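Let's walk through this model together, starting with an enclosed space and moving on to aromatic rings. Keep the 3D view open as you read.

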Amino acid sequence: MGASDLWNNFGYYGAKGITGAEALAYEINRVVHASGISSPVTTKRGLSARLRYLDSAAGRDAMREQGITDRALKSWMSGKVSPSRASREKLDIAYWTRRRENLIRSGQLKKLLDNGGAGRRVEIFPIDQSQVTKGRARRITERSISVRYLWNDMVDAWAAKDLQALDEVWDDIICDLDSDYAAYAYVSAVSIGV
């Protein structure tokens, strides 16, 4: 049984939120994006940086998977032609796909989050109860917890896009919150301090 199984009929009285597993997946995606090229693909600098990053056999394969032809790539690399808006979006998808794969393969993401065994602080933002039927709202506050030793399992589950495994990791995280841990099976969001 994962953390999301702790509530029956979530949202029945108007609460809004997502499972802790979904929140972890979104937050790990944010961490990955924060570690990548910050210039947008719409700028000359951002476009050039993505083209340089993808200048490898694996990078060209990632671009081909997005429908970018070798001919188009050659013309962009020469600087004679600038990619269209749709092509820039495809290029951006290829970049983030390849970046994600490289962070997983190299173990950099695990090292960043594990922080040499010290772990990272995770801020937990409770569900939105603004629309909950009067008298049915629960007192749930924002929480902060130091998470250690779960990062490898968390990244492996995220890399495999396995929400059930992420739900089990989330259950391990919230079980340290006290007897009211079930109140955090669903959340508005989480934030990892990196």
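For sorting residues by class, Ala, Val, Leu, Ile, Met, Phe, Trp, Tyr, Cys and Pro count as nonpolar, Asp, Glu, Lys and Arg as charged, and the others, Gly among them, as polar. By that scheme, the lining of the largest cavity has 5 nonpolar, no polar and 2 charged residues. A cavity is a set of points on a 1 Å grid over the protein atoms alone where a 1.4 Å probe fits but cannot get out, and lining residues have an atom within 4 Å of a point. Here the lining consists of Leu51, Leu54, Asp55, Arg60, Met63, Leu73 and Met77.

The model is predicted: local features need pLDDT of at least 70, side-chain atom pairs count only at pLDDT 80 or more, and totals for chains, interfaces and linings use all residues. Residues are numbered from 1 along each chain as its sequence is written, and side-chain values use heavy atoms, leaving out hydrogens and water.

Now to the rings, which pair if the centres of Phe, Tyr or Trp (its six-membered ring) lie within 6.5 Å; planes under 30 degrees apart count as stacked, over 60 as edge-to-face and the rest as tilted. The whole structure has 2 aromatic pairs. In one, tyrosine 53 and tyrosine 95 meet edge-to-face, 5.0 Å centre to centre with 75° between the planes. The rings of tyrosine 95 and tryptophan 96 have centres 4.7 Å apart and planes at 70°, so this pair is edge-to-face too. Ring pairs thus link Tyr53, Tyr95 and Trp96 into a cluster.

Note on methods. 1 Å grid on protein atoms, 1.4 Å probe; cavity = no way out; pocket = protein on both sides within 12 Å on 5 of 7 lines; lining within 4 Å.
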